[in-house]
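Work through the exercises below with the structure in view. Try each task before reading its solution.

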Amino acid sequence: MEDRGYTFVEHEKPLRYEEGDLTVTRGSAWTGPGCHLGCGVLMYTDEDGRLVKVEGDRENPFNQGRLCARCLALPEVVNHENRLTHPMKRAREMRGKDAWERISWDEAFDLIADTFLALRDQYGPECVTFWQGTGRDIAPWITRLAWSYGSPNYTVALSGTACYAPRIAGCRVSSGAFWLGDYSQQFADRYDNPEWNVPGMILIWGNNPVVSNSDGLYGHWVTDCMKRGSKIIVVDPKRTWLASKSEVFLQLRPGTDAALAMGMLNVMIEEGIYDKDFVDCWCYGFDELAERVSAFTPEKVESITWVPADKIRAAARAFAAADGAIVQWGVAVDMTKETLPAGQAISALFEITGNVDVPGGMIAPPSILYYAAGWGRELIPEEIRQQKKIGNDVYPLFKAAMGPASTDETINTLETGKPYKLRAGWLQTTNPLACTGPDPKRTLAALDTLEFIVVVDLFMTPTAMALADVLLPACTFPERDGIRVGDGVQRGESINKVTTIGECKSDMEINLEMGKRFNADAWPWDTVEDMFTFILKDTGMTFPELQENAPAYLPFTYKKHEKGLIRADGKPGFETGTGRIELWSTLYSMVGLDPLPYFEEPMPGPISTPDAYETYPLVLTTGARQLGLFHSEHRQVPHLRAMHPDPVIEMNPATAARYGLEDGDWAWVENERGRAKRRVRTTNALDPRVCSTDHAWWRPEAPAALEDGLFDLWNMNINQLITWTPGKSGLGSNYKTLLCRVYKVREGE
Amino acid sequence: MTAFGILVDYEWCSGCRACEVACQMEHKLPVGRYGVVVAQLGPWQIEGDHWQHSFVPNFTDECDLCAARTEAGKLPTCVHHCQAAVLAYGPVEELARKLDEKPRQLLVRPR
């Protein structure tokens with residue numbers, strides 16, 4: 001193993017060891033099932049190779065032995081009797097019916113290859129659309145599969161690519177880097193590292209880290225830091241537990257994030273409490289930003305956001321005064337329709353206060369490998385990507401800067417056949433009908449126009465039942481090997497196979513074998529292990545060496561912009577057109593977008609659509625995360641489902657009383673587009689004008705067939721109230737800001 | 001014999017319920033049976049920005065303080081996995097002294 005300056009953790013025991021009657025294997029966790037954090041786990045298998053227990057690995061600095069309920073209950077997922085265990089096919093005219101025929105892997109691969117290759121010959125490779133879900137270990141492999149087949153139309157299954165991508169894209173556009181809170185996660189010795197400082201302030205914006213654990217953040221790092229002295233400000237429509245522990249709680253109206261951030265910027269600039277030296281040296285467009293936010297006085301912002309002006313001032317002052325301040329932002333920012341200007345305003349908070357690449361502030365994470373946005377871009381000619389990728393003609397930003405196709409435009413293309421007809425779909429690790437897709441009936445009809453659909457998943461889902469012609473069973477992470485470089489701050493981790501279920505194959509095995517049939521030159525490896533070793537060549541480690549030695553930490557240094565360590569040309573500054581952090585974005589200007597942050601009233605809303613507000617008098621936000629459940633997963637897992645057995649709508653007791661509802665009642669949540677059933681939970685945590693519900697519900701125990709209700713999908717799925725409507729850039733969508741009315745479900749409904 | 005217990009720093013319990021599931025898995029408890037259950041107290045407004053809003057783990061008669069684990073030199077599984085790191089296992093006498101150090105703590109001796 002070559003020395004590349006990585007720091008390793010001392011292991012008391014080998015990768016595999018015996019403990020009593022059981023074998024213990026060290027590894028890293030990566031959905032599916034569960035989230036995409038990569039906690040260190042110890043997996044216990046019995047003499048039959050069955051996974052019987054999972055514990056947190058106390059040697060792993062990431063989670064330090066801790067685990068959430070989802071990993072603890074992992075054996076119930078892995079060994080579940082309803083796992084898909086062998087490939088199946090079904091005639092296209094039988095879609096939606098429980099009419100599957102078991103087939104061998106060879107037959108499945110041959111059937112798919114014959115069909116896809118014939119379509120490619122007849123219509124061109126762009127006629128196949130490749131869909132993925134959230135960050136299951138999938139992006140490198142599915143992009144390579146799509147691009148080696150020749151199609152530029154790989155996409156993620158939600159409107160406006162509204163999960164993480166807008167925040168990353170926005171950061172990269174304005175500063176050439178991505179920024180994360182510094183919780184010492186880049187250091188193997190963590191909180192004891194002498195270079196690190198405890199953040200003075202953590203501004204938690206649109207996420208609930210102790211529940212959701214998203215985007216490379218182990219949520220309880222926030223409480224770790226609070227115990228060490230960090231203060232917090234919370235921006236959320238709901239008074240979370242963290243909000244009750246905050247210095248300032250900004251309980252905003254959903255979807256008004258941009259206005260709130262601009263109000264805070266207004267205070268900082270008016271009061272001169274930003275970092276003038278940093279702005280002078282490293283920022284571009286400050287005067288324009290100052291002018292833009294000058295109208296956003298705290299009083300005006302109060303009228304927009306429902307947050308009292310004095311709290312906006314207090315939050316701005318506390319954030320600006322902190323020694324090291326983090327913006328801990330979440331998916332709520334992405335799921336706002338005008339997400340880019342909102343994210344731009346929120347980033348400006350840490351940018352103009354100089355919390356850039358400093359201890360306990362925001363850091364530009366080092367990358368071991370940058371393939372999360374796609375692997376094998378060179379396999380597809382740039383002119384094909386430019387000319388054929390769906391959405392490029394509508395959204396210049398997608399043409400200029402985005403890897404995936406626009407999913408919203410893909411839906412339009414499926415319906416209209418314009419600019420060309422899509423013929424086949426490859427849906428891997430995605431459940432758009434139950435989870436991510438707005439307007440699921442429209443989504444179903446659009447996808448149903450495809451002549452041939454392959455679905456890859458762990459369990460039967462509403463999407464697979466309604467649409468798959470071929471259904472391939474995928475491994476959970478204890479059933480496969482893999483590389484876990486991580487989102488957020490990367491570190492070298494491996495996913496290690498300890499058990500086998502049926503004939504399941506890992507996603508990357510499926511993609512390797514499928515890819516060989518599409519384009520053998522692009523997939524020259526005999527095994528996935530060879531493929532991993534190839535990818536790892538820059539690290540100086542083979543895959544087995546990574547397995548033995550993980551986790552591996554990269555060298556890290558602060559203030560890289562001062563040392564010429566961010567720009568490709570080695571000069572000081574940032575990787576942007578101006579070399580500075582662009583508060584006024586040259587790239588947005590170039591692609592016809594407003595170069596400065598702006599606020600647009602959420603639509604629908606109490607202000608933008610007052611007539612609708614009379615009929616639907618509550619503001620509804622969706623996607624509240626629940627302990628034990630990851631998106632549409634885990635509904636069939638007994639101990640996790642028991643933690644949250646039903647979809648819930650939370651509302652103030654006064655709101656419930658106004659509509660004749662009591663805690664525990666079933667209610668319909670309805671707008672002009674449709675309705676979904678929810679169990680009422682009353683709580684003082686919400687403003688009486690706002691209610692909040694969880695997403696991605698279906699009931700695996702309900703009848704499966706489309707004609708029998710598709711696992712009760714049409715009663716459960718809150719996305720029936722949502723439309724495919726991205727922001728002006730093509731990024732962002734409106735999952736978080738709806739209007740609704742609520743009324744009791746009648747007996748028999 | 002020395003009595004052992006668990007000290008709960010419930011100021012920082014986030015209510016993640018990892019303890020509940022860790023215990024159910026370790027002791028093979030079916031759905032609906034627990035060695036530890038997290039109770040939610042609040043939220044309600046006390047005055048101004050001061051709200052009652054806390055979580056407190058409660059230990060049941062099913063809790064044997066993970067006797068098999070502690071005999072093997074491991075921590076009780078709830079203590080090992082507690083995400084907010086608010087559980088400490090040890091001799092009751094030692095833990096009792098730590099009660100002096102800060103408010104919002106609870107010392108339990110399930111057996």
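**Exercise 1: an unusual peptide bond in a loop**

Gly32(A) sits in the loop that runs between strand E3 (22–28) and strand E4 (40–45) of chain A. The model is a predicted one.

Task: State whether the peptide bond from Thr31(A) to Gly32(A) is cis or trans.

Solution. Step 1: omega of the bond from Thr31(A) to Gly32(A) is near 5°. Step 2: the bond is cis. Step 3: for context, most peptide bonds are trans.

**Exercise 2: a second bond, in chain B**

Task: Find which residues of chain B are joined by a cis peptide bond with omega about 5°, and name the element that holds Pro43(B).

Solution. Step 1: the cis bond links Gly42(B) to Pro43(B). Step 2: Pro43(B) belongs to strand E2 (residues 36–47) of chain B.

**Exercise 3: the sign of phi**

Task: Give the sign of phi at Gln64(A) and locate this residue.

Solution. Step 1: phi of Gln64(A) is near 50°, which is positive, and the residue is not glycine. Step 2: most residues other than glycine have a negative phi. Step 3: Gln64(A) is placed in the loop between E5 and H1 of chain A.

**Exercise 4: two helices against H15(A)**

Task: Describe how H5(A) is oriented to H15(A), then how H9(A) is oriented to H15(A).

Solution. Step 1: helix H5 (residues 165–175) of chain A packs on helix H15 (residues 339–352) of chain A at about 60°, the axes being 9 Å apart. The two helices are therefore oblique, and H5(A) crosses H15(A) in the right-handed sense.

Step 2: on the H5(A) side the contact uses Pro166(A), Arg167(A), Gly170(A), Cys171(A) and Ser174(A), which meet Thr339(A), Leu340(A), Gly343(A), Gln344(A) and Ser347(A) of H15(A). Sorted by class, this contact has 3 nonpolar, 6 polar and 1 charged residues.

Step 3: helix H9 (residues 257–270) of chain A packs on H15(A) at about 30°, with 8 Å between the axes. Angles under 35 degrees count as roughly parallel, so H9(A) is roughly parallel to H15(A). The crossing of H9(A) with H15(A) is left-handed.

Step 4: H9(A) contributes residues including Ala258(A), Ala261(A) and Leu265(A), while H15(A) contributes residues including Ala342(A), Ala345(A) and Leu349(A). The classes here are 13 nonpolar, no polar and 1 charged.

**Exercise 5: chain B as a whole**

Task: List the secondary structure of chain B in order and compare its radius of gyration with that of a compact globule.

Solution. Step 1: chain B has 4 helices and 5 strands. Step 2: from the N terminus on, their order is β-α-β-β-α-α-β-α-β. Step 3: a compact globule of 111 residues would have a radius of gyration near 13 Å, and the 15 Å of chain B agrees with this. Step 4: the C-alpha trace of chain B spans about 50 × 35 × 20 Å along its principal axes.

**Exercise 6: where the chains meet**

Task: Say how many residues each chain gives to the contact and which element of chain A gives the most.

Solution. Step 1: chain A gives 24 residues and chain B gives 21 residues. Step 2: among the elements of chain A that supply at least two residues are helix H7 (221–227) and helix H26 (638–641). Step 3: E5(A) gives the most, with 3 residues. Step 4: the side of chain A that touches chain B has 12 nonpolar, 7 polar and 5 charged residues.

Technical notes:
Residues are numbered from 1 along each chain as its sequence is written. Chains are lettered from A and ligands numbered from 1 in the order in which they are written. This is a predicted model: local features need pLDDT of at least 70, side-chain atom pairs count only at pLDDT 80 or more; totals for chains, interfaces and linings use all residues. Two residues are in contact if their C-beta atoms, placed from the backbone, lie within 7 Å. Ala, Val, Leu, Ile, Met, Phe, Trp, Tyr, Cys and Pro count as nonpolar, Asp, Glu, Lys and Arg as charged, and the others, Gly among them, as polar. Axes are lines fitted to C-alpha atoms, for helices over the stretch in contact, and angles run from 0 to 180 degrees between N-to-C directions. Angles under 35 degrees count as roughly parallel, over 145 as roughly antiparallel, 65 to 115 as roughly perpendicular and the rest as oblique. A crossing is left-handed if the near helix is turned anticlockwise from the far one by less than a right angle, and right-handed if clockwise. The radius of gyration is taken over C-alpha atoms; the globule rule is 2.2 Å times the number of residues to the power 0.38.
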